[in-house]
Amino acid sequence: MDLKYLLFIGSALGFSLALGVCIIILAYSKTYPVIFRSKKERQFFDPATGVYINFPAISDKCSLNLSVIVPAYNEEERLGPMLDECLDYLESRRKSGAFSYEVIVVSDGSTDQTVSKALSYTKKHSCERVRVLALEKNRGKGGAVRLGMLSARGSLLLFADADGATKFADLRKLEDSLKELVVCKLLLSNCYNERLKRGKFAADYLSKPEITADTLAITVGSRAHLEDEAVASRTVFRTILMYGFHFLVWLFAVKGIRDTQCGFKLLTRKAAAICFESMHVERWAFDVELLYIAQKLNIPISEVAVNWTEIEGSKVTPVWSWLQMGLDLGLIWLRYTIGAWKIRSKGD
């Protein structure tokens, strides 16, 4: 049989298959995410009064400086040390100056004592400081972070992993970097330019949290500076998978960010509202879609090196999770490229 004919048939079959996949994706994808919350998931429990209280909405005006979102799935063992370190740091800042905060622990359908462990901190620190959002079913880390973000009161919103791999002292680095982004953004704005020059306010979320809250900016913690050390301790196969995943992130989704997966990211309230209300992915690859959306909307992003220590008990299975995330990356790119998924504009 003629080689050209075989190539033609193969190309035609390949094109038909790709077209069929795209048609199926278009038919079964929802253009914008549908975010469902049961009545129970819209409330938190106040142990002091024994009453369930509704969470606020991210569309409300900020009433605190900082909200910390901690996604937790079966984390009864690791959650305590992480919250101890987190709350010690935040309390020291609160007592030393004008600083207000909350921690929202989002139990992602946990089947152990994660909720009870988190509520013990609510009893100790009050529901003004620590709130627990108990999801009825496991949604995935991205789904848990999203619902925590949408329930927050802060001008700035930080999500931090429950393992405590990144220490909270590094929050200062993220705040400083984000402040630079906010200042640049405000200087480019006709609305704020003259007032900034006259010094009538500073782009500081401690003194003027409402101004920072209404500005678009994201700072991500990064472990990229530890990559050489990680390579030295990994097998060749795992190193190949790691670099392969980084290449796929660069190819399909996010340019210019070396570490998209570090669980220590700081967003302004407006940036969090826009990105998380547009995000579809609820599993491990949600970080990539989050940054993909931000870059598509020209939201300023900075990357800051943070100290990081690997903590035992990770829920990530290295080979399988990386392969799954690699597939998710391709599907994220494909769905946005063919219009199956769309991003809500900043004005929507």
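Reader: Which residues of helix α5 are buried?

Author: Happy to start there, with the note that this is a predicted model. Helix α5 covers residues 171-187, and its buried members are L171, L174, E175, S177, L178, L181, V182 and L186.

Reader: How far apart are the end C-alpha atoms of α5, and what span should its 17 residues have?

Author: The expected span is 1.5 Å times one less than the number of residues. For the 17 residues of α5 that should give 24 Å, which agrees with the distance between the end C-alpha atoms, 24 Å.

Reader: Is helix α11 largely enclosed or largely open, and why?

Author: Helix α11 runs over residues 286-296. Its buried residues are F286, D287, V288, E289, L290, L291, Y292, I293 and A294. Because nine of the eleven residues are buried, the rest of the structure leaves α11 largely enclosed.

Reader: Which residue just after α11 takes a positive phi?

Author: Look just past the end of the helix, where phi reaches about 60°. The residue is N298.

Reader: Let's move to the start of the chain. Is L3 buried or exposed, and which surface patch does it help make?

Author: L3 sits in helix α1, residues 3-28. Exposed means over 50% relative accessible area, and L3 has 58%, so L3 is exposed. Together with Y5, L6, L7, F8, I9 and L13, L3 makes a nonpolar surface patch of about 740 Å².

Reader: What does UniProt list for residues 6-29, and how much of that span is helix?

Author: The unreviewed UniProt entry lists residues 6-29 as "transmembrane region". In the model, the end C-alpha atoms of this span lie 34 Å apart. Strand accounts for 0% of the span, and helix for 96%.

Reader: I'm curious about salt bridges. How many does the structure hold, and what parts of the chain does the E41 pair link?

Author: The structure holds twelve salt bridges. In one of them, E41 pairs with R139, the closest N and O atoms being 2.8 Å apart. E41 and R139 are both buried. The pair links the loop between α1 and β1 to the loop between β5 and α4, 98 residues apart.

Reader: Which residues form salt bridges with R153, and where do they lie?

Author: R153 forms a salt bridge with E102 at 2.8 Å between the closest N and O atoms. Since R153 lies in the loop between α4 and β6 and E102 in strand β4, this pair ties together parts 51 residues apart in sequence. R153 also meets E128, in the loop between α3 and β5, in a salt bridge of 2.9 Å, N to O. The partners are therefore E102, buried at 0% relative accessibility, and E128, partly exposed at 35%.

Reader: Which side chain makes a polar contact with the side chain of R78?

Author: R78 is found in the loop between β3 and α2. With 12% relative accessibility, R78 counts as buried. At 2.8 Å, its side chain makes a polar contact with the side chain of E75.

Reader: And what does the side chain of S278 reach?

Author: S278 belongs to helix α10, residues 269-278, and is buried at a relative accessible area of 1%. At 3.0 Å, the side chain of S278 reaches the backbone oxygen of I274.

Reader: One more: how far apart in space are D108 and P71?

Author: D108 lies in strand β4 and counts as buried at 3% relative accessibility. D108 and P71 are 37 residues apart in sequence, while their C-alpha atoms are separated in space by 6.8 Å.

Technical notes
Residues numbered from 1 in each chain as written. Predicted model: local features only at pLDDT ≥ 70, side-chain atom pairs only at ≥ 80, totals over all residues. Heavy atoms only, no water. Buried < 20%, exposed > 50% of the residue type's maximum accessible area, 1.4 Å probe, protein only. Helix = DSSP H or I, 4+ residues; strand = E, 2+ residues; numbered from the N terminus. Patch = residues over 30% accessible without salt bridge, like charges linked within 9 Å, V, L, I, M, F, W, Y side chains within 5 Å. Areas by Shrake-Rupley, 256 points an atom, 1.4 Å probe, with all protein chains shown as cover. Salt bridge = Lys/Arg side-chain N within 4 Å of Asp/Glu carboxyl O. UniProt positions renumbered as here; feature names shortened; annotations may be inferred. Polar contact = N/O pair within 3.5 Å; in protein donor to acceptor, adjacent residues only side chain to side chain.
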